[in-house]
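Me: Hi! I have a protein structure open and I'd like to get to know it. Can we walk through it together?

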Amino acid sequence: LTFKRIPASRQDVGALLLRCARRLLLSVIRRSPKNRHSLAMPTGIPASVMGFRQVGPDIPVDPHVFEMLDFPDILMRDYTSQNGIPVQLTVVRSGTTRRSLHFPEVCLTGQGWEVEKQYRAPVSGSFVANRLEIFKGESEQAVLYWFMTGVRPTESYAKNSLYWAKERLLFRSPRTMMVKLSTPVGSAGAESAFRYLEDFAQNLTPILQERFE
């Protein structure tokens, strides 16, 4: 058998080199704990958000997540209320594109969680956010998430896209993000858990609006 050699185009070679460079970068990051922590988002979000205080250092993000989401800024951090209610904050902030933004349901399902209920609800009359009631085995969690472009929070990915497109048409460089809060559902039920998440969200949103307008 004989095989005819097909010359590679410049685009093919360039794409191959780009993939190799990205894999090399990720391999270096994985081997270096220092670099893993340096990937956390430099948000300036305070360690204290009204009655909630940060617990421990920011949670390291696996470099594989950065590769899948096209290297966004990601912050994962645990807080606790004055009476010991834990809240985990996740912020995924994109750069000049929106490819890194996603629906949390996708990641949660991939982690083994099942969505029992999904609906929208107002956050103290300020804006509307998405609610998820999820479970895995005997564990239950309440999840609250929304999107933001500049100072505009919204529950709708489509509305967030329109805000972003409008800013781009005005020759601005909009920052857009997904904000997610989660807490375990205790004996008081899901509504009680969501009240803590909404309290946190109401105090966090003005901070995000100030820092990322």
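Me: Let's start broad. Among contacts between residues at least 6 apart in sequence, what share join residues at least 24 apart?
Reply: Happy to help! One thing to know first: this is a predicted model. In it, 62% of those contacts join residues at least 24 apart in sequence.

Me: Cool. How many helices and strands does the chain have?
Reply: The chain has six helices and nine strands.

Me: And what percentage of the residues count as buried?
Reply: Of the chain's 213 residues, 38% count as buried. As for the outside, the accessible surface is about 12,600 Å², and carbon and sulfur atoms account for 56% of that.

Me: Which residues touch the most other members of the largest nonpolar core?
Reply: That core has 28 residues, and the ones with the most contacts to other members are I45, L89, W146, V179, L181, F200 and L204. Two or more core residues come from each of β3, β4, β6, β7, β9 and α6.

Me: Which element gives the most to this core?
Reply: That would be helix α6, which supplies nine residues.

Me: You listed F200. What does F200 touch?
Reply: Leaving out residues up to four places away in sequence, F200 is in contact with V49, F52, Y79, V87 and L181. There is also a second, separate core of 11 residues, with V61, L132, V143 and M178 among them.

Me: Switching topic: how many salt bridges are there?
Reply: There are four in the structure. In general, side chains of opposite charge can pair when their charged atoms come close.

Me: Where do D58 and R77 sit in the chain?
Reply: D58 is in the loop between β2 and α3, while R77 belongs to strand β3, 19 residues apart from it. Their side chains form a salt bridge, with 2.7 Å from N to O.

Me: Is R77 buried or exposed?
Reply: R77 is buried, because its relative accessible area is 7% and buried means under 20%. D58, at 22%, counts as partly exposed.

Me: What about E198, which residue does its side chain meet in a salt bridge?
Reply: Its partner is R131, and the N to O distance is 2.6 Å. E198 lies in helix α6 and R131 in strand β6, so this pair ties together parts that are 67 residues apart in sequence.

Me: Are those two buried or exposed?
Reply: Both E198 and R131 are buried. There's a bit more to it: R131, E191 and E198 are joined into one network by salt bridges that share partners.

Me: OK, now the strands. How do β5 and β6 pair, parallel or antiparallel?
Reply: β5 and β6 run in the antiparallel sense, with nine bridges between them. The two strands make a hairpin with three residues in between, and S124 in the turn has a positive phi of about 50°.

Me: Which residue in β6 is the bridge partner of R120?
Reply: It's N130. N130 is in strand β6, which covers residues 127-136.

Me: Tell me about N130 then. What does N130 touch?
Reply: Not counting residues up to four places away in sequence, N130 touches Y119, R120, V143, L144, Y145 and E155. A polar atom of the N130 side chain lies 2.8 Å from the backbone oxygen of E155. N130 is buried, with a relative accessible area of 7%.

Me: E155 and R120 both showed up there. How do the side chains of E155 and R120 meet?
Reply: They meet in a salt bridge, at 3.5 Å from N to O. E155 is in the loop between β8 and α5, and R120 is in strand β5, with their positions 35 residues apart in the numbering.

Me: Why does E155 count as buried?
Reply: E155 counts as buried because its relative accessibility is 11%, and the cut-off is under 20%. R120, at 52%, counts as exposed.

Me: Last one: what is the phi of M50?
Reply: M50 has a positive phi of about 55°, although it is not a glycine. Most residues other than glycine have a negative phi. M50 lies in the loop between β1 and β2, and M50 is exposed, at 61% relative accessible area.

Terms used. Residues numbered from 1 in each chain as written. Predicted model: local features only at pLDDT ≥ 70, side-chain atom pairs only at ≥ 80, totals over all residues. Heavy atoms only, no water. Helix = DSSP H or I, 4+ residues; strand = E, 2+ residues; numbered from the N terminus. Buried < 20%, exposed > 50% of the residue type's maximum accessible area, 1.4 Å probe, protein only. Polar contact = N/O pair within 3.5 Å; in protein donor to acceptor, adjacent residues only side chain to side chain. Contact = heavy atoms within 4.5 Å. Areas by Shrake-Rupley, 256 points an atom, 1.4 Å probe, with all protein chains shown as cover. Pairing = 2+ DSSP bridges. Core = buried A, V, L, I, M, F, W, Y, C linked by side-chain atoms within 4.5 Å.
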